[in-house]
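Colleague: I've got a new model open and I'd like to learn how to read it properly. Could you walk me through it?

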Amino acid sequence: MTSKHRFSHILPLLAAAILIWGCSGPSVFLDRTYDFSYVEKVAVIPLENLSQSQNAGRQATLILNTELLASETFSLVEPGETAKVLGEIAARSPQYDLEQIKEIGRRLEAQALIIGTVSETSTLRSGGVTVPTVTVDLRMVETETGATVWAASATEGRPGLWATLFGLAGKSNSETLRDCIQDILKTLIK
Amino acid sequence: MKRIIGSFSGTSVLRACALATLLAATGGCVCAQENSVSDSTALRVIILPFQNLSQEAQAKDQVMPRIYEKVESLGWYPVSAETVDVALRRYRIRDTGQIGWDHAQKLRSENGSPWILLGSIDLYSSDLLQVGISARLLNSLTGDLLWADSRFAAEDETPSLLRSRKIKTAEVLMDDVLKWLFISLRQTWLRGRLAHISESPVRTSMSARILIIPFDNVSGSLHADQMVNHVALSALFQQGFDVVEPGLVNEQARSLGVMPQGQIDLQTLKFLAEHFAADYCLTGSVIHYELAALPDEGQVPTIELNVRLLDARRASPIWSDHIRGSGSDYIKIFQLGAVRSPGQLLQRLLTRVVSSIRKQLALRNSQVHGLLGNS
C-alpha cells in the first residue's frame, strides 16, 4: 500500500473525530439589553451538587472563584463573607426568592450573584481510556430585580481527538471541571 | 554580632547565641519579674510531641527520640518528654501540632523555658519509603516564630550516583530528613534571628506579617490540608515572611466562635489582622491530592491547589491562583528527575506560589508608593 492510499483511510477518520470533538459548545442566554458595566462586585453562591461525586460542588465553586478573580472583570466577595451572610439569613438552598436575593445583595454590597449547579460528573470509557465528564450550569442574577441576566450550561469531557484516535489518557476530573467552567465564563467575559 | 560569631565555631557559637538570648531576656528591668529566664533554664527547650499525620502509628516513637538527640547535639537541653507529658495532661493540651497563647504561657511558666519546638510528621511510610517532617520554633514570650521548615525524602529522590547507595528503610530516610531540618535550624539561628527574641511583645520585624487560615480539603485525602498548611508556613518563612503561629490564630478565631477553613468572613479577618498586626492572609483549598501509579512512570503524586492571598486589614483579595503539579512534570529523561514524594512536590509548588506572591506584593507596593508620590 502506498503512502497516498494510507492517507485516504486516515483522513475520513480524522475528519469524523474532529467533528465529534468539536461539537461541544455551551448553551447560552445573555440579556442583551442589560448593561453589564453596572456589575462591579459579584458574589458566588456555593454551587449545588446534583452529581454522584461528593466534592464536585465545592471543587467547582473554588475553581469558579479563582477563574472570576483571574479574569479581573469583577471584584469578588470573599467566599467566607458570602457563607456567613447565607448562614445568617438561613438561605441554604440555591432557589432564592426575590427578597432573599435582594437581602444577600444588600448585605454583600454585590450587584449580582452567580448561582449554579454541577449536574453531572461521570466517567466515560472510550476505547481503553476513561474520560471524566462534567456538566455545569451557571447563571448571573441581578440583585436589584432578581432577574437572570446571563445563563450558560456546558458539558466537558467528551473523548478528545487524541484519546479517540490513539487511546491516549485524557484529563483528570478537576482539569475537566476547570475547562468546563472556563468555557462557560468565556460566554460572559471576553 | 557577625564579627563576634566569626571568632567562635560549632557548639560554642550556639552557646554564645543562647547567652545573648539570655542577656536579651534578662536585660530589662521588667524581666526581673514573671518573664525572667534564669541562667540554668536559658538553654532549655520544650519539645512538644510531633503531630503524627502519617498512616503509621509507630512513626512518632521512631521520630521523637531522634529529635531529642538532635536538639541535644545543638547544645540545648530539652525538657524531658515525661515532664512535658505531665504538663500536657495537666493542662489538657491534646493537639500538640500547634499551640495557643494560653497553653504556651502555662508550659513556659511550668518548665521555665520560653522556647517551644513543635511540628508534625507529615509523611512516614515504611512501604513506600517516604518520610516528611515539618518543625518550627516558637518564642512563647512574644509568640514569634523563630524558625520553620519542612523536609521530605523518598527513596527514589535521595541523591545517589547510579543508585550506588540504596536506601533500605524509612529510618534512614528519617535520619536524612532530621539532619537537613537541624542544619536549617542552625543556619537560620545564626543568621541573626536572635533579634526576634525580646522581652517586649512589640513587633520588631520589618517583614510582611502574614497569617495562614487553614486550607480547606476537598480532595478526599486525609490530612492533605494539614500537610499543605505546614509546607505553606515553611515556604513563607523561608522566603522572609513573618508568619503568625497558626495555633495563636486558631485560638483567637475560636474565641470568636468560628473555625475558618479555606475562607473567612470579613469581620473575623479584620479582628485577626488587628490582633496580630498582620498585613496579609493566605488561605485556599486542596482540590486534588493523589499518589497514583501511572503507566511507565511508577508512582508519582499529583496535587492541585487553589491559593488566595487577602489584604488582611481591608479583607480584600490581592492574588489568587490555581496550581496543579505532578511528579512526572519534573522528568528530564527516562524517568530521571521525577518527584516521588507528595511532600517534595508540595514544596516545589508552594515555593513557586510564595515567589509569585512576593512579586505581586512588590508590584503592588511599588504602585502604592507611586500613587503616594504623585499625590
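**Confidence before geometry**

Modeller: Happy to. This is a predicted model, and chain A averages a pLDDT of 82, with 76% of its residues scoring at least 70.

Colleague: Which elements of chain A have the lowest and the highest mean pLDDT?

Modeller: The lowest mean, 53, belongs to helix 1 (residues 3-21) of chain A, and the highest, 94, to strand 2 (residues 41-44) of chain A. Residues 17-23 of chain A fall below 50, although this stretch has nine contacts in the model beyond near neighbours in sequence. Where pLDDT is low, don't read the predicted coordinates in detail.

Colleague: Okay, helices next. What should helix 2 of chain A span, given its 16 residues?

Modeller: Take 1.5 Å a residue, counting one less than the number of residues. For helix 2 (residues 56-71) of chain A that gives 22 Å, and the end C-alpha atoms are 22 Å apart, so the two agree. Buried residues in helix 2 include L62(A), I63(A), L64(A) and L68(A), but also Q59(A) and N65(A). Just after helix 2, E72(A) takes a positive phi of about 55°.

Colleague: How many residues do the two chains bring to their contact?

Modeller: People often give the size of an interface as the accessible area lost when the parts come together. Here we have residue counts: 18 residues of chain B are in contact with 18 of chain A. On the chain B side, strand 10 (280-294), strand 11 (298-311) and strand 12 (316-326) each supply at least two residues, and strand 12 of chain B has the largest share, four. By class, that side has eight nonpolar, seven polar and three charged residues.

Colleague: And inside chain B, what are the domains?

Modeller: Domain 1 covers 1-204 and domain 2 covers 206-375. Between them, 23 residues of domain 1 are in contact with 23 of domain 2. Strand 6 of chain B gives the most to the domain 1 side, seven residues, and that side divides into ten nonpolar, eight polar and five charged.

Colleague: Where does the largest nonpolar core lie with respect to the two domains of chain B?

Modeller: Both domains of chain B give residues to this core, so it lies between them. The core has 132 residues, and V42(A), L113(A) and I116(B) are among those with the most contacts inside it. Helix 7 (residues 224-238) of chain B gives the most to the core, nine residues. As for V42(A), its contacts beyond four places in sequence include L68(A), F74(A) and L113(A).

Key. Residues are numbered from 1 along each chain as its sequence is written. Chains are lettered from A and ligands numbered from 1 in the order in which they are written. This is a predicted model: local features need pLDDT of at least 70, side-chain atom pairs count only at pLDDT 80 or more; totals for chains, interfaces and linings use all residues. pLDDT is the predictor's confidence in each residue, from 0 to 100. Two residues are in contact if their C-beta atoms, placed from the backbone, lie within 7 Å. Ala, Val, Leu, Ile, Met, Phe, Trp, Tyr, Cys and Pro count as nonpolar, Asp, Glu, Lys and Arg as charged, and the others, Gly among them, as polar. A residue is buried if 20 or more other C-beta atoms lie within 10 Å of its own, exposed if 12 or fewer, and partly exposed in between; C-beta atoms are placed from the backbone. Domain bounds come from an automatic or database domain assignment. A nonpolar core is a set of buried Ala, Val, Leu, Ile, Met, Phe, Trp, Tyr and Cys residues joined through C-beta atoms within 7 Å.
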